[in-house]
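Q: Please take a close look at one part of this structure and describe how its pieces are put together. Plain wording is fine.

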Amino acid sequence: MSSDTRILIVDDHEDTLYALESALAPLGYQLGRATSGDEALKQVLRGQVGLLLLDVRMPGVSGLEVVRYMRRVEQTQHIPVILLTGFGADHELTTTAFGLGVADLVLKPVDPWALRTKVRYLYDAHRRHLALEREVHHLRALIGEHTGTAAHPRPGLPHPDARVPTQRPMGAHAGELEKDRT
């Protein structure tokens with residue numbers, strides 16, 4: 001992940017965006033903003049997003065729909081997401097959110113200290129995960145060079161949250177994956 005990776009804050013209310021930006025500013029990370037689910041998806045798909053703070057209920061594309069889409073796309077499936085809601089705790093929302101691999105569900109108004117701690121941990125963990133993944137790919141390429149064979153592409157490191165399912169390589173079947181492990 002490059003140094004221009006940012007934390008994307010998504011909410012349809014300007015005052016909430018401002019409050020979240022103010023709460024996170026002391027961390028010194030680059031922040032981005034979006035006011036809709038559609039706009040958030042566009043920014044996430046363009047890359048350079050290392051963490052998403054996402055309002056659950058927005059007109060048009062909801063926060064949960066954004067997460068569902070992100071989890072189906074390989075380039076975005078490991079980006080940590082903190083969902084924000086101002087409508088109180090809801091068992092169905094909680095079950096759905098954590099089932100999609102959301103890192104946390106935070107009630108508004110947010111506690112700035114708690115939010116900064118969560119954001120710092122998730123953002124830094126995601127950056128370390130990507131750095132390790134790059135190193136694994138680099139080492140596999142070196143092994144391929146030294147053995148004179150092309151290194152077979154393998155899936156990256158597992159998602160730090162074990163609830164997020166791993167994606168099989170395109171065209172791979174369970175039997176082919178088992179052969180690779182032996």
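A: In this predicted model, helix 1 (residues 14-24) packs with helix 5 (residues 112-147) at an angle of about 70°, and their axes are 9 Å apart. That angle makes helix 1 roughly perpendicular to helix 5, since angles of 65 to 115 degrees count as roughly perpendicular. The crossing of the two helices is right-handed.

The contact itself can be listed by residue. From helix 1 come Leu-20, Ala-23 and Leu-24, and they meet Pro-112, Leu-115, Arg-116 and Val-119 in helix 5. Of the residues in this contact, 6 are nonpolar, none is polar and 1 is charged.

Next comes the sheet. It is an open sheet of 5 strands in the order 2-1-3-4-5, and the pairing is parallel. Strand 2 and strand 5 (104-107) stand at the edges with a single partner strand each, so one side of each has no neighbour in the sheet. On average, neighbouring strands of this sheet are turned by 20° against each other, direction ignored.

Strand 1 (residues 6-10) pairs with strand 2 (residues 31-34) in the parallel sense, over 4 bridges. Strand 1 also pairs with strand 3 (residues 49-55) in the parallel sense, here over 5 bridges. Ile-7 can be used to follow both pairings: Ile-7 stands opposite Leu-31 in strand 2 and opposite Leu-51 in strand 3.

The side chains of strand 1 are worth following too. Arg-6, Leu-8 and Val-10 point one way from the strand, while Ile-7 and Ile-9 point the other way, and all are buried. Buried here stands for under 20% relative accessible area. Because 5 of the 5 residues of strand 1 are buried, the strand is largely enclosed by the rest of the structure.

Further along the sheet, strand 3 and strand 4 (residues 81-85) run parallel and are joined by 4 bridges. In this pairing Asp-55 stands opposite Leu-84 in strand 4. Helix 4 (residues 91-99) packs on the sheet, where it touches strand 4 and strand 5. The direction of helix 4 makes about 145° with that of strand 5.

To put strand 1 back in its place: strand 1 lies between strand 2 and strand 3 in the order 2-1-3-4-5, and its residues are buried whichever way they point.

Technical notes: Residues are numbered from 1 along each chain as its sequence is written. This is a predicted model: local features need pLDDT of at least 70, side-chain atom pairs count only at pLDDT 80 or more; totals for chains, interfaces and linings use all residues. Side-chain values use heavy atoms; hydrogens and water are left out. Axes are lines fitted to C-alpha atoms, for helices over the stretch in contact, and angles run from 0 to 180 degrees between N-to-C directions. Angles under 35 degrees count as roughly parallel, over 145 as roughly antiparallel, 65 to 115 as roughly perpendicular and the rest as oblique. A crossing is left-handed if the near helix is turned anticlockwise from the far one by less than a right angle, and right-handed if clockwise. Contact means heavy atoms within 4.5 Å. Ala, Val, Leu, Ile, Met, Phe, Trp, Tyr, Cys and Pro count as nonpolar, Asp, Glu, Lys and Arg as charged, and the others, Gly among them, as polar. Buried means under 20% relative accessible area, exposed over 50%, partly exposed in between (1.4 Å probe, protein chains only). Two strands pair if DSSP finds at least two bridges between them.
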